[in-house]
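Student: I would like to learn how to read a structure at the level of single side chains. Could you walk me through it?

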Amino acid sequence: MDTSNAPRSDGGTDMAMFATAETQPPDVSAEQVADIAERLFGVAGAITELGSQQDRNFRIDAGDRRYVLKIANPAVPEVWLESQNAAMEHLARAGLPVPRPQQSRGGATLEHARIGDADVAVRLLTFLDGMPLSSFGYLAPAVRARMGGLAAAACRAFADFDAPGLHRLLEWDLRHGEAVVASFAPHVADPARRERVVSVTAAACERLGRVQDDLRIGPIHGDVTGDNVVGAIAPDRRAWPSGLIDFGDMSRSWVAAELAVTCAALLHQVGDDPLGWLPAVAAFDAIMPLDAADIEGLWPLVVLRGATLVAADEKQLALDPRNGYVATNRDLDWAIFEAAAAVPWALAEAAIRDAVALPAPDRAPTPRFAPVIAGLAAEDVAIADLSATSEALDEGRWLDPGVEDAVFTQAGVVALARYGEHRLSQAGIHGADEPATCALHAEVAVAAGRPVIAPAGGTVAEAGPGRLVIECDGAEVRLEGVDPSVRTGDRLAEGDPVGTVAAAGRLRVQLCLVAGVDPPPFATPSAAAAWQRICSDPSPLLGIDCAAPGVDAAGVFARRDGVFARVQPHYYAEPPQIERGWRHHLIDATGRVYLDMVNNVTVVGHAHPGVARAISRQARLLNTNSRFNYSAVADYCERLAGLAPDGLDTVLLVNSGTEANDLALRLAWAHTGRQIIVAMREAYHGWSMASDAISTSVADNPRALETRPPWIRLVDSPNPYSGTHRGPDSGERYVGDAVAVIEGLAQGGDLPAAFISETVHGNAGGILLPAGYLEAVYGAVRAAGGVCIADEIQVGYGRLGHHFWGFLEQGVVPDVITIAKALGNGHPMGAVITRRAIAESFAAEGSFFSSTGGNPVSCRVGLAVIDAIEAEGLQENARVVGEHLLARLRDLAERHELIGAVHGIGLYASVELVRSRETREPATEVAEAICERMRERGIVVQPTGDHLNMLKVKPPLCITRESADFFVDQLDLVLRTGW
Ligand code: PMP
């Protein structure tokens, strides 16, 4: 590759030299296309027009083969078309997925046809299957990365290619961007828009001019955009880049322009992330490493590309007002242009450096600074901790509007909020977009009126109310909360007085290494690393250490992964570092707040003050085991038994659901003297030997069904939508089948010890059991002398809203209830409530003791949870919000084909995603991808069920109607715009 910047065909920048600039696409009818295809290439089939800026392209479906017939704009010299054919052959040989030119009946890959008076050049190419990426509203970061990788692969394969068509003046060659915009801009009708295009272009070209002579040149495709990258639709329904088409814009140009074009194209498909194009940069760099000039030139090129797009659209529309393709693109192109122009140059460059793991460029060393406030000593400065884990923000105080003032006041007379701290106080709930939490400044609370001095020699760049910017050797010292005593333009020596701390008594100090950037006070977590390259640690400006410890979610995860056995799964490919919860929200270390739709354990909400107080008080009094006599265990067991129906009056306390179920089985065995247990398919009951034996879900254990011990019998999971029996009369059939299994056992002499199931099938996605199911099944079990066990671990304890227990929904009473999860709101607790006679049968076998089951702290926690459920009306809330949520989800199902069914009751629900409503095949990969996108939108939701295609909806019971709406609105948005 050379670096000579002069285009070979020397024409300067005279627009007349852009051969395709002033022509209309050929006017051709479908009949003519059919005739050309058949006559010249021997191909016949259904014809569909494809969009094009200047040519006419038609897809021909000829049986199992598909082609594109390209009729060139007459102004395009044939040598260019031949060059494109050669380029495709070249890239195909290098293994790139590109169309292949087909030979005509006469053996040529370039043919001619007469249309009206014109002689047009015609080519037939293979059609690459897939969807253009531009037809998707949103592209996942990994898809964007693939697109960058494809651009780099094309660029690399092109390196040793040459053809006459590369050496030409092309309006899309960004080397002529400035001239193209100058020439086309007069077509922009709106004067304000025209002026904006011109001025932004001038700024881009000025920056580009700094590195232009060093930019590498080589053959590039020049248009690796969503229109020209087709994607194969994977099972997750994302379009993963699988082919590159349209070589009409290839030229010799700057290599960085190849990537710039791709980045620009991505700008409207990245959600609301202004730096969402970075994955493409990192992937490009991995294949075609960017050099220093590429890195500096890239963003100016992206902006220039945006400007040429809008200018060219306006020009083309002026020429051909009926061109629907250009008309539709116009708004998108404006959005691209504005999105590109909105990213500050320095930020884009810093972000690119960060993405390719390059250090900051060498700059003049930052001057040595004297503190702007004399006499601050580290030992006198208290930390005003505003981070996600700050104690000062407990109990939801982070949501109070005046919390920062309160934390400063509470911290001390002289207090510091640190640079680089992700302030939870800057976040709020229901934020679909990342909040800007990372402080790019340090903030000190000091007495108002305290003198502020110049930290080094320099010039006052700006002095206004409350604000002062001093330029020192290229760096900027930016102060907020100061009453300046100097004026813009004043020259300063180190130590000169520049003002006093303003009345609020809080000074923000920012050290910006790049002049003229005007950085914000806070950055979003995704942009924080890039911004911190621009606004560095201002410790020298205060003379004390101001930097907060960094956040490293990946590092924490790597440490966990090193020691925590991997058999214990984790949520998300790149797990956020969740460090706080509050009510029905989870909060990560960067202050990102997520709506928590999955934590059914924390029934009364995260960090519940009543629960926290109970733990703390009892831990300070006594924590021991239930062999001792203390009031907590008596209080708690009475209260639990009081929640159960009459006759279930005896309690055993353990530490988890697994233990509760394991114990329930032992009770049944002891009571009946038998071993056979009847369980339900798609169930999870725990991990111990016995509770695992009755766990049949293949999502948890793919070999579950083949490996059940001989004492297990199974009945179907009664999903009326996608189970064995479907539709309105499926209920009776599930009942009949289950009763038949139990009666069959009795007849065969294999008498059952017990039947165990969830009372709403939670693990299968909150499937309501058919009407009369448990009545019939319990009846059959009891007739055979067996015990009925209700696993209420997920669905019981108020969650269903209409009923405190799931079995009440079925109008039955079991013999044994197992509960856990909700009991302790996250504190490890489990319990079995049963009839005294059953407990006595167990006692006959010996004693039962759990060292921590029923300990005083757990009992007090359990009491606090019941108190909260009752005092806060949480069962009623589950009913009201749950019904609203279900109604909204059912409404969503009307509008999105992907949702096959909505299951559940109260706050235990699921959204079943299917590939097709006809086959009801589970959309497993889609569910996972949607969960990733929902996390980006501030919501934690996860798949469940045997096929992991049901979005489980089981939030803490304190969830509000507003939060339920936020969830459904975001799900709607994701289903509409993609994932
Ligand atoms: N039963 C059901 C229905 C469950 O959902 C679970 C846990 N997912 C268990 C039992 C086991 O509870 P634990 O994890 O507390 O042992």
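Tutor: Happily! Let us begin with a cut-off we will need: a residue counts as buried when its relative accessible area is under 20%, as exposed when it is over 50%, and as partly exposed in between. Keep in mind that this is a predicted model.

Student: Which label does Asp716 get on that scale, buried or exposed?

Tutor: Asp716 has a relative accessibility of 19%, so it counts as buried.

Student: Which residue does the side chain of Asp716 meet in a salt bridge?

Tutor: The partner is Arg681, with N and O 2.8 Å apart. Asp716 sits in the loop between strand S30 (712–715) and helix H19 (730–748). Arg681 belongs to the loop between strand S29 (676–680) and helix H18 (689–693), and the two residues are 35 apart, so the pair links distant parts of the chain. Arg681 counts as partly exposed, because its relative accessibility is 32%.

Student: How many salt bridges does the chain have?

Tutor: The count comes to 53. One of them joins Arg506 and Glu443, whose closest N and O atoms are 2.9 Å apart.

Student: Why does that pair tie together separate parts of the chain?

Tutor: Look at where each partner lies. Arg506 is in strand S22 (residues 506–512) and Glu443 is in strand S14 (residues 442–445), so the bridge connects parts that are 63 residues apart in sequence. Arg506 and Glu443 are both buried.

Student: What about a salt bridge inside one helix?

Tutor: Try Arg976 and Asp972, with 3.6 Å between their closest N and O atoms. These two are four residues apart in helix H26 (residues 961–977), which means that about one helical turn separates them. Arg976 is exposed, because its relative accessible area is 54%. Asp972, at 10%, counts as buried.

Student: Which residues are joined into one network by salt bridges that share partners?

Tutor: That network holds Glu404, Asp405, Arg423, Glu443, Arg506 and Arg508. You have already met Arg506 and Glu443 as a salt-bridge pair.

Student: Let us turn to cysteines. How many disulfides does a search of the whole structure find?

Tutor: Zero. The general idea is to check the distance between sulfur atoms, because a disulfide needs a pair of cysteine sulfurs within 2.5 Å. For Cys263, the nearest cysteine sulfur is that of Cys155, 13 Å away, and Cys263 is in no disulfide. Cys472 is in no disulfide either, its nearest cysteine sulfur being that of Cys512 at 12 Å.

Student: Are these two cysteines, Cys263 and Cys472, buried or exposed?

Tutor: Cys263 is buried, because its relative accessible area is 0%. Cys472 has a relative accessible area of 1%, so this residue is buried as well.

Student: Now to the whole chain: how many helices and strands are there?

Tutor: The secondary structure comes to 26 helices and 41 strands. The C-alpha trace spans about 100 × 85 × 45 Å along its principal axes.

Student: What share of the residues is buried?

Tutor: Of the 979 residues in the chain, 57% are buried. The accessible surface is about 37800 Å², and carbon and sulfur atoms hold 51% of that area.

Student: And how should I read the contacts and the charges?

Tutor: For contacts, ask how far apart the partners are in sequence. Among contacts with a separation of 6 or more, 74% are between residues 24 or more positions apart. For charges, compare mean positions: those of the 83 positive and 125 negative charges are 2 Å apart.

Definitions and conventions
Residues numbered from 1 in each chain as written. Predicted model: local features only at pLDDT ≥ 70, side-chain atom pairs only at ≥ 80, totals over all residues. Heavy atoms only, no water. Buried < 20%, exposed > 50% of the residue type's maximum accessible area, 1.4 Å probe, protein only. Contact = heavy atoms within 4.5 Å. Areas by Shrake-Rupley, 256 points an atom, 1.4 Å probe, with all protein chains shown as cover. Lys, Arg positive; Asp, Glu negative; His and termini not counted. Charge placed at Lys NZ, Arg CZ, Asp CG, Glu CD. Salt bridge = Lys/Arg side-chain N within 4 Å of Asp/Glu carboxyl O.
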